[in-house]
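Got your viewer open? Load the model below, and let's take a walk through it.

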Amino acid sequence: MSRQLNIDTLRQNFWKEEYLREKMLRCEWYRKYGSMVKAKQKAKAAARLPLKLPTLHPKAPLSPPPAPKSAPSKAPSPVPEAPFQSEMYPVPPVTRALLYEGISHDFQGRYRYLNTRKLDMPETRYLFPVTTSFTYGWQLGPPVKQELVSCKMCRIESFFRKNGAFALLDPRDLAL
């Protein structure tokens, strides 16, 4: 089956103009927005690169000041290393002993140790709040159960607005 080519000069000129118009539109768009697109592409490419953190080299111990020449020279004493500072307090020996009693499958061992540690307040486990979510409950103390003194209708009347959802608040409507 052959294709029918019923293109006359009028239709051929139409397609030529249409092609040139599209080409001009693309060039205009590229001239107008090309730099922004390239900047976005560079930003996306930079975001895809893995984050390279700087390496922290251990601090070299400071050299002691030069001793006077008249004093007898002593052998330098070794500098005591600072103990490793943890962000947590040490675990009490009784709690640590739970780790070695039984296996987690029987709800002993690590399972019991973690549940016991979970019951401790964060202030007794950590030296300082490690994350920002710690600050909400840090040094909050034991929960205090408050007795509700008011009756049910008093709570309902003070909870709902009397003038509708979007009305301006009237001081008489507020429960103080």
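First, some vocabulary: a residue is buried under 20% relative accessible area, exposed over 50%, and partly exposed in between (1.4 Å probe, protein chains only). This is a predicted model, where local features need pLDDT of at least 70, side-chain atom pairs count only at pLDDT 80 or more, and totals for chains, interfaces and linings use all residues. Residues are numbered from 1 along each chain as its sequence is written, and side-chain values use heavy atoms, with hydrogens and water left out.

Start with the whole chain in cartoon view: you'll find six helices and zero strands (DSSP runs: H or I of at least four residues for helices, E of at least two for strands, numbered from the N terminus). Of the 176 residues, 7% are buried.

Now select Trp 29, which sits in helix 1, residues 9-48. At 45% relative accessibility, Trp 29 is partly exposed.

Next, hunt for aromatic pairs: the whole structure has three. Ring centres of Phe, Tyr and Trp (its six-membered ring) must lie within 6.5 Å; planes under 30 degrees apart are stacked, over 60 edge-to-face, and the rest tilted. Pick Phe 14 and Trp 15: their ring centres are 5.1 Å apart and their planes meet at 65°, so this pair is edge-to-face. Phe 14 is partly exposed at 44% relative accessible area.

Then jump to Phe 107 and Tyr 111, an edge-to-face pair with 5.1 Å between centres and 65° between planes. Is each partner buried or exposed? Phe 107 is exposed at 55%, while Tyr 111 is partly exposed at 38%.
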